[in-house]
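Good morning, colleagues. I should like to take you through one structure, moving from burial to the sheets and then to some individual residues. Please keep the display in view as I speak.

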Amino acid sequence: MSDTDEVVIDDFRQALQHLESTHPTEELPSDLILPIRFCVPNQCTVRLGGQNESFLSTDKETWESLEQIWTDSRRKRKGKLERPSAEIGRQFWLDVVLENPLETDVLLKRFTIHVSTSEGNVPQEDIAIAQVIDEIHLYAKERRTVSIGLTPKVAKTLVLTEARYYFFSNLPVKEPLSIRGKRLNDTVAQRQEATYAPSQFTKVPVRQVGCMLSVEQVDEDDEEGDEDIVMVQGEIYSVVLRITNRGIEEINEVWLTAADNISIWIDPEKRGKGHDFPEPLSGSSEEISVHNIVTGTRPFLLPLETLTSSPSLPPGHFIDVHFLLHSEDIIDSTLNILVTYSNDADAYFYTCFARNFEIIPALSVSASIDPTSSDVCSYTLRAEVENISDDLEIELAQLSTSSTDWVIHPPHRSTSLHTTILPHQTIRRAFTLGRKEGSETEEIKELVVDKVSEFLLGKGTSERQIPDTTLRISHDGTEHRSLAESHLQFFIRFTRMRQHIRALTEAFPTVPRQVLQSLFPLYGPNSVDIIILWKLPSSARYGLVTFCDMQTGVAHGLLDRVIEQAMERKGKSIYAETKREHELLLQHFKDCVWNRETDPLVVSVRPSQPVFEHDFTRGACPIPVQFTVRNYSPTNPVRYVLRLSGSRMSPTHLNSFVATYSGQLTYHRLLPPSQSTTVNATLRARWAGQYLLDGWRLEVDVGEAIPIEDGTPQESNPAAEPWKTRARYLQHPTGSEGIILIKNLVQHNRGTIAQD
């Protein structure tokens, strides 16, 4: 049928022309209806003056969420948030989506919109002035958006009922702009036969002329820009928004509420000055006090007196508000800002600003933390940074680490981190970690236990607040740069907060986000973050990329006792109504990072020297080997059994001989918290060659914690107290223990003599 569209339309045109030539216009049949529709009503949107995003847009959920955030912030204050509305004498637009279903071109003449009110028969010329477009030419299967301007004349609710136009020359067409109601399924009859709710028309409230704001983005040349924002991953990007009072009344308050899909730092006092690269720091570390609670999005009140030297924004005046944007998520999204304003305390109005932004991938960071055998530092942090961009040369200015309870030392090597990474190249860096003296680890742990206990046992909400904490930040770079500036701290904390909330909601899918925020602090005592400061050598662009919440140290099921009490009570909560849901909720707490259980013992095996020479004609070669067993737990004693079996325990190094031992083969020891011991064994080598230091097994029995006072375990004898096991582990060689090389002294001497 579509192949004949052009022929049918041409025949229809000729027939219509013949009808018009033989009959006056007033005598044309009134029931002559065009059986084709070009408007798509459910995709038509209203755009008010000064808004670049319609309140009826497809992103409606985001705007409703921002409205709710602003409303919640005003619960104890006066002022009602009014819906966006048109004003008398100020033009607004209806963006009409037109779609040509035919396989041929069509022409719509004198296209306009008919407007009415709920009061009935009121001439349109007394209601509003509607723009008329002389001609709209639609190509075959073309889809286009046409904006029709409307200027209200009365302060009433306008109903946009239909689109009116002439098809070809003089055939008048009225196309309703109603949207069909939803399918009804309330009664049996409605379910048996398709029944729909009444159709809905687009309605636009109109108020008297008052205060009105418009928001647009301006560039460095003071010109309005409507292009998408393109940022490098982690870049600190500067944006200027111009807020103009286009009404006839002064505006006393302007609030900004932004979505949390991107980090926004509002700096109204910058006055056009850019944020330069961070200043050099005299030392290699710094301490910064931070709030240790998770906070949600909050509206920001613009200081009009600072920006305009006046407590209000007069009609016709504007202010330029400087923003800094930051995002590490490699995903394209939209910057959404709700601008709320008022000229008194009784009513607030808002307008919306939206701009698409694109994130260019830049850096990928990975890291791991492993225990060491050093008496000074407990762990080693290894970080890898890869340039994942296609064409960016990125200069790594500084690699920093931060933690509340761990002291982190950068490498002592003289090699400089200040280097440029080409696309798809990687650099590696290592740090050492040791527990910070005088940390408040136990205090924050007790607080978390109390809060989880009150939540699971239904005791109500704790009045105790999570206290502020101090972050110790260590820097690795040629010139150390301070991260204490307000906007840098804001971006670091915002990124940490987003990842923290994301991890909590994944770990506890049935618990509301607001409850989780009150249960757990933002920075845990065993967490370590990596912060990378980068810049582009070819420009002044720079940014931050973070790798958050690595866990270090030993943990012993902090929430086990609370979970056991909740299981014994077999109670229910508002978040778990059935027994199965309650068990699942307890399992979520049992598996969370705050309840992790780790093996506290680490074994290191070392020979007295790496290479030996022996005359095997005199028998096997005895080699002294030292096993060092360290208890990394600061609170729990450990019993262990070291068994020297003489069989291969590691699947690696199959070309090496299996280590066999002589003398005592089983060692029973007890280790207090944070203590170590050594076991001196003898490896018996029967042949020359390589020997892997495996052939052992460690059986670990972790006891209950020793009481702690002033941050350190009490002086007590674990062996004299009743032993209670809380966990058991079994360790085997990993294949990285090292290799001993044994040379046959006789063969070596013969070779030397023959050479002489």
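I begin with burial: a residue is called buried when its relative accessible area is under 20%, exposed when it is over 50%, and partly exposed in between, with a 1.4 Å probe and protein chains only. What we have here is a predicted model, in which local features need pLDDT of at least 70 and side-chain atom pairs count only at pLDDT 80 or more, whereas totals for chains, interfaces and linings use all residues. Residues are numbered from 1 along each chain as its sequence is written, and side-chain values use heavy atoms, with hydrogens and water left out.

Let us apply the burial terms to two cysteines. C352 is buried, at a relative accessible area of 1%. C548 is likewise buried, with a value of 13%. How many disulfides does the protein have by the rule applied here? A disulfide is taken to be a pair of cysteine sulfur atoms within 2.5 Å, and by that rule the count is zero.

For the chain as a whole, buried residues make up 46% of the 756 residues. Contact, in what follows, means heavy atoms within 4.5 Å. Among contacts between residues at least 6 apart in sequence, 78% join residues at least 24 apart. Helices (H or I, at least four residues) and strands (E, at least two) are DSSP runs, numbered from the N terminus. The protein contains ten helices and 44 strands.

I turn to helix α2, residues 60–73. With 14 residues at 1.5 Å a residue, α2 should span 20 Å, and its end C-alpha atoms are indeed 20 Å apart; the expected span is 1.5 Å times one less than the number of residues. Which residues of α2 are buried? They are W63, L66, E67 and W70. These residues cover an arc of only 100° around the axis, which puts them on the same side of α2; the arc is that of the directions from the helix axis to the C-beta atoms. Their cover includes β2 (80–81), β15 (253–258), β20 (333–342) and β21 (347–360).

A second helix, α6 (residues 486–507), holds H500. H500 is buried, with a relative accessible area of 7%. Setting aside neighbours within four places in sequence, H500 is in contact with V294, F520, P521 and L522.

Now the sheets. Two strands are said to pair if DSSP finds at least two bridges between them. One open sheet has four strands in the order β22-β23-β27-β25, with antiparallel pairing. Strands β22 (363–371) and β25 (406–409) stand at the edges, each with a single partner strand, so one side of each is left without a neighbour in the sheet. The twist in this sheet averages 25° from one strand to the next; for such angles, axes are lines fitted to C-alpha atoms, for helices over the stretch in contact, and angles run from 0 to 180 degrees between N-to-C directions. Within the sheet, β23 (residues 379–387) and β27 (residues 426–435) pair in the antiparallel sense over eight bridges. T380 stands opposite T432 in β27.

Another open sheet, also of four strands, follows the order β37-β34-β40-β43, and its pairing is antiparallel. Its edge strands, β37 (666–671) and β43 (725–731), each pair on one side only. Neighbouring strands of this sheet are turned by 15° against each other on average, direction ignored. Strands β34 (residues 638–644) and β40 (residues 696–703) are joined in the antiparallel sense over seven bridges, and the bridge partner of Y640 in β40 is V700.

Strand β12 (residues 213–218) deserves a separate word. Six of its six residues are buried. In a regular strand the side chains alternate between the two faces of the sheet. In β12 both faces are covered, with L213, V215 and Q217 buried on one side and S214, E216 and V218 on the other. Six bridges join β12 to the antiparallel strand β14 (residues 237–245), where V240 is the bridge partner of V218.

Lastly, two backbone details. R110, in strand β5 (residues 106–116), has a positive phi of about 50° although it is not a glycine. R110 counts as partly exposed, at 39% relative accessibility. D549, in strand β30 (residues 542–551), has a positive phi of about 60° and is not a glycine either. At 29% relative accessibility, D549 also counts as partly exposed.
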